[in-house]
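Here are some short exercises to work through at your own pace. Try each task before you read its solution.

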Amino acid sequence: MVPDLTGLDRQFDYLVPESFHDRVHVGTMVRISLNGRRVGGWIASLGPPDPAIAIDRLLPLAKITGLGPSTEIFELAAWAGRRWVGNLRSFLITASPPAVVANLPSSSHGGQVPEPVSQLAASLLRIGGGVLRIPPADDVIPVLLAAC
């Protein structure tokens, strides 16, 4: 857990309640109890806690706030923090959505290529490729759609 508190640049272990297991991943934004108050933060890793800490001393996550940065973005933020000697929290704030995002909409890709498609580019691609010269003022979107 990386708490969203200025001046506190360390990570803490928390228990993930059974009801949260299917909704948490690295980067998920959560609320925790820290030193008697509720604060936000991000899940930094999942797995068994530090063996030096007794399980019965760990507090559970209080709430899942919403989706945060993806695992890849989280890793990029951690790398940037090490590379430029910044704290991870500042990079995670930048990588997180400004409002609560509970879930993502389903993908609406239908697999169909929208019109208009350049017929010249489409025929050139059918024969295996070639050179297509386009004047600078022409629209290149139909050529790109043909390639799609």
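The exercises below go from the whole chain to single residues. This is a predicted model, in which local features need pLDDT of at least 70 and side-chain atom pairs count only at pLDDT 80 or more, while totals for chains, interfaces and linings use all residues. Residues are numbered from 1 along each chain as its sequence is written, and side-chain values use heavy atoms, with hydrogens and water left out.

**Exercise 1. Fold and dimensions**

Task: List the helices and strands in order, then set the radius of gyration beside the value for a compact globule.

Solution:
- Step 1. Count the elements: there are 4 helices and 4 strands. Helices (H or I, at least four residues) and strands (E, at least two) are DSSP runs, numbered from the N terminus.
- Step 2. Follow the sequence, and the pattern is β-β-β-β-α-α-α-α.
- Step 3. Now the radius of gyration, taken over C-alpha atoms, with a globule rule of 2.2 Å times the number of residues to the power 0.38. The protein has 24 Å, whereas a compact globule of 148 residues would have a value near 15 Å.
- Step 4. Add the box: along the principal axes, the C-alpha atoms fill roughly 70 × 35 × 30 Å.

**Exercise 2. Burial and contacts**

Task: Find what share of the 148 residues is buried, and what share of the contacts between residues at least 6 apart joins residues at least 24 apart.

Solution:
- Step 1. Fix the terms: buried means under 20% relative accessible area, exposed over 50%, and partly exposed in between (1.4 Å probe, protein chains only).
- Step 2. Buried residues make up 28% of the 148 residues.
- Step 3. A contact means heavy atoms within 4.5 Å. Of the contacts between residues at least 6 apart in sequence, 67% join residues at least 24 apart.

**Exercise 3. A salt bridge**

Task: Name the two residues whose side chains meet in a salt bridge, and place each one in the chain.

Solution:
- Step 1. Recall that side chains of opposite charge can pair when their charged atoms come close.
- Step 2. Apply the rule: a side-chain nitrogen of Lys or Arg within 4 Å of a carboxyl oxygen of Asp or Glu. The count comes to 1 salt bridge.
- Step 3. The partners are Arg 89 and Asp 4, at 2.8 Å, N to O. Arg 89 is in helix α2 (residues 88–95) and Asp 4 in the loop between β1 (2–3) and β2 (29–34), so the pair links distant parts of the chain, 85 residues apart.
- Step 4. Check accessibility: Arg 89 counts as buried at 16%, and Asp 4 is partly exposed at 32%.

**Exercise 4. Positive phi**

Task: Decide whether Asn 35 and Val 85 are buried or exposed, and give the phi of Asn 35 and of Val 85.

Solution:
- Step 1. Asn 35 sits in the loop between β2 and β3 (37–42), with phi near 55°, a positive value in a residue other than glycine. Its relative accessible area is 79%, so Asn 35 is exposed.
- Step 2. Val 85 lies in the loop between α1 (71–83) and α2, and its phi, near 50°, is also a positive value in a residue other than glycine. With 75% relative accessibility, Val 85 counts as exposed.

**Exercise 5. Two loop residues**

Task: Find how far Thr 6 is from Asn 87 and Arg 10 from His 21, C-alpha to C-alpha.

Solution:
- Step 1. Thr 6 lies in the loop between β1 and β2. Thr 6 and Asn 87 are 81 residues apart in sequence and 9.6 Å apart in space.
- Step 2. Arg 10 lies in the loop between β1 and β2. Arg 10 and His 21 are 11 residues apart in sequence and 23 Å apart in space.
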